[in-house]
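Hi,

Here is the structure I said I would pass on. Have a look at it first, and then read my notes underneath.

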Amino acid sequence: MKHLLIVDNDIGSRESLRAIFKGIYRVTTVESADKASSVLNAERVDLLLLDVVMPVKDGIEFLLEARTMYPDLPVIMVSASTSVRPVVEAMQKGAFDFITKPFDIEEIRRVARRALDSNSLHRHVENLQDQIEEEFPV
């Protein structure tokens, strides 16, 4: 079962996202970037859902850290803001997609599935490239 890590300082948002994905994926929720780092270091995570606005370390800052440490980990940014600026910044810094609160259940499930499928396809292509390079060295 795929593992989703949800990072949001608002308990209501965390629990809403947990409920949306319950039974479909294994879900871990944390309220801060520091706790998210601990989970990422301890367990394999297949998808990160990350709130933009958080105390201490905001989502954009943590997005950069996560993409540096785990470049293949897809990240979906989440925000209550309808401002275009954080969306553009998140996408420029490597977010897979951006979802606004309140959540449209089907939309967020579709985006998560697309991110996971894209990541699986990317890993499969890399494995095939490695096999080709072993079979036919340049």
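Below is what I found, starting with the sheet and ending with the cores.

Keep in mind that this is a predicted model. Its five strands make an open, parallel sheet, ordered β2-β1-β3-β4-β5. The edge positions go to β2 (26–30) and β5 (97–100); each has a single partner strand, so one side of each has no neighbour in the sheet. From one strand to the next, the twist averages 20 degrees.

Now for the pairings. β1 and β2 are parallel and share five bridges, with Leu5 partnered by Thr28 of β2. Between those two strands the chain passes through α1, and this β-α-β crossover is right-handed. On to β3: four bridges link β1 to β3, and there Val7 has Leu50 as its bridge partner. Another four bridges connect β3 (residues 47–51) with β4 (residues 75–79), again in parallel; Leu49 is matched with Ile76 in β4.

As for the helices, α1 (residues 11–21) lies across β1 (3–7), β2 and β3, at about 175 degrees to β2. Helix α4 (residues 84–92) lies across β4 and β5 and runs at about 155 degrees to β5.

How enclosed is β1 by the rest of the structure? Five of its five residues are buried, so β1 is largely enclosed. Both of its faces are covered, with His3, Leu5 and Val7 buried on one side and Leu4 and Ile6 buried on the other.

That leads to the packing. The largest nonpolar core has 22 residues, and the ones touching the most other members are Leu5, Val7, Leu48, Leu50, Phe62 and Met77. Two or more residues come from each of β1, α2 (33–42), β3, α3 (59–69) and β4. A separate core holds 18 residues, including Ile20, Ile99, Phe103 and Ala112.

If you want a residue to click on, try Leu50: beyond its neighbours within four places in sequence, Leu50 contacts Val7, Gly59, Phe62, Leu63, Val75, Ile76, Met77 and Val78.

One more to look at is Ser79, in strand β4. Its relative accessible area is 2%, so Ser79 counts as buried, the cut-off being under 20%. Setting aside neighbours within four places in sequence, Ser79 is in contact with Asp51, Val52, Phe98, Ile99, Thr100 and Lys101.

Cheers

Notes:
Residues numbered from 1 in each chain as written. Predicted model: local features only at pLDDT ≥ 70, side-chain atom pairs only at ≥ 80, totals over all residues. Heavy atoms only, no water. Pairing = 2+ DSSP bridges. Axes fitted to C-alpha atoms, helices over the stretch in contact; angles between N-to-C directions. Contact = heavy atoms within 4.5 Å. Core = buried A, V, L, I, M, F, W, Y, C linked by side-chain atoms within 4.5 Å. Buried < 20%, exposed > 50% of the residue type's maximum accessible area, 1.4 Å probe, protein only. Right-handed = clockwise from strand over helix to strand, strands pointing away.
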